[in-house]
Amino acid sequence: MSPTPLLHPKRLKPASSSTEGSRYQVYMETFGCQMNEYDTELVRSIMKARGFQFTPVDEEADVILFNTCAIRENAHNRLYGHLARYKARKKERGLVIGVLGCMAQNLKQELLETRSWIDVLVGPDAYRRLPDLLSDALEHQRQGLAVDLSEYETYAQIVPDRAGGVNGWIAVMRGCDNFCSFCVVPYTRGRERSRDPEGILEEAQRLASQGVRQITLLGQNVNSYRSGGWDFARLLVAVADVPGIQRVRFTSPHPKDFPPALLEAVAQHHIICNQIHLPLQSGNDRMLERMGRGYTCREYLKLVEAIRGKGPIVLTTDLICGFCGETDEEFQDTYNIVKEMKYQAAFVFKYSERKHTIAARKYPDDIPEQVKGYRTNQLIELQKEISLQHNQDLIGTEVDVMIEGDAKKSNQQWMGHTEHNVTVVWPKEGSSYLPGDLVSISIQDATPSTLYGLAHS
Ligand code: SAM
Ligand code: SF4
């Protein structure tokens, strides 16, 4: 760690020999996926146990933390924009700034060389060290770096500090061993580790007792969950059996090793939602091979056939446009499969080269930005039409919706999701419902992303 003196022109509070954080207010922002949101809950818990307090107002904070994502370029750019803003504020009045998570892990050298005013860098396996590093930075103006990856850390005994609400997340495993050639996750989150089922079930029971009604189990490839004699299907069913839990979802299963028992669990258990996120990435075999995905289009389609043969299970997916060497024809293959698959929703990403990955070392990132953008837009537009069609088909029908809270645009409307994870909005109109209630909504109107309806009185 460089001994570079830090810019702390004016400490807000007098230094003391205490290493506890009770005098300090922390403001934290999270970028990226649900796994990062979950990690933020872990970090809050670790910090609060050491007396740090959290504030939603950045101006009140002594410590600014960013929990970051390194999956795509735009996450980097967003973080750099935010860092620049706080650098100025740090000069004015002294602030401790910390970067946590995947970017800290992946960019430690670059961040330290180009942004040496960052006080603390902590990777996804080192959150337990954060309070000490922050205390050191706050009281002794020392920079702190903790980016070692661990083969064992699962934060099993940490009770996440949740913001409340009826939705809860549980990470059942950490890391990934798949090394898809485009993906930085194995380098930033390390080797795959599963948590023990007892801890996961305790967490599910605790969530239920706090009023959570819907749990999403998280892992980079949940199919590889193993602990003692437990596999993921068994774990999923056990979580779905926890009293009080009304819906269970999971993300993501990998198409290369989707177990029949998992499909049975989804098809049979009424608490497990009939929705599977099945990332395709590309509809062309040469691209899939380059991506190191471990399946062909034929194998993927066979799996989809098996899933659809089990009943009304909807599929969502992830797609990457403009991967190294992707020709127009190869992109067209993806376009055609998306048309054929009729996903309920698709997350479409422009390929962005990530340092250290196999693709970055092996293949030139040779598709012009404009072409990547054009292909991405084409797929987004196609998927919008498909999603709209799915949603319009529901007009005039009744759907069961779990109330999650006020709609974004109005507190006179409720917002919730169907079992298939489609957002539904409807007027409250004096109803005595509460978040967590399952209600039947009659659908009146639809956009590609939202259903609008009326509750039965
Ligand atoms: N573990 C999940 C799987 O294999 O399906 C994916 C997790 S990753 C956090 C989410 C999505 O980000 C991937 O499915 C992929 O579509 C996208 N992604 C990952 N690396 C990317 C890259 N370098 N450029 C563009 N999209 C990327
Ligand atoms: Fe990345 Fe592939 Fe692992 Fe998903 S399965 S996190 S895409 S390496």
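Colleague: Where is Q141 placed, and between which helix and strand?

Modeller: Happy to start there. In this predicted model, Q141 sits in the loop that runs between α5 (130-140) and β6 (144-146).

Colleague: What makes the phi of Q141 worth a remark?

Modeller: Its sign. Phi of Q141 is about 55°, a positive value, although the residue is not a glycine.

Colleague: Why is Q141 called partly exposed?

Modeller: Buried would need under 20% relative accessible area and exposed over 50%. Q141 has 33%, so the value falls in between and Q141 counts as partly exposed.

Colleague: Which angle is positive in F179, and where does F179 lie?

Modeller: That angle is phi, near 50° in F179, again in a residue other than glycine. F179 is in the loop between β8 (173-174) and α6 (185-188).

Colleague: Why does F179 count as partly exposed?

Modeller: Its relative accessibility is 28%. That is neither under 20% nor over 50%, so F179 is partly exposed.

Colleague: How do you know that F179 is near ligand 2?

Modeller: A residue is near a molecule if one of its heavy atoms lies within 4 Å of it. F179 is among the residues around ligand 2, which also include C176, N178, H254 and R293, so F179 meets that cut-off.

Colleague: How do the residues of that shell divide?

Modeller: Around ligand 2 there are seven nonpolar residues, three polar and one charged. Arg counts as charged, so R293 is the charged one.

Colleague: What is the peptide bond from T251 to S252, cis or trans?

Modeller: It is cis, with omega near -5°. S252 lies in the loop between β13 (247-251) and α9 (260-268).

Notes: Residues numbered from 1 in each chain as written. Chains lettered and ligands numbered in written order. Predicted model: local features only at pLDDT ≥ 70, side-chain atom pairs only at ≥ 80, totals over all residues. Heavy atoms only, no water. Helix = DSSP H or I, 4+ residues; strand = E, 2+ residues; numbered from the N terminus. Buried < 20%, exposed > 50% of the residue type's maximum accessible area, 1.4 Å probe, protein only.
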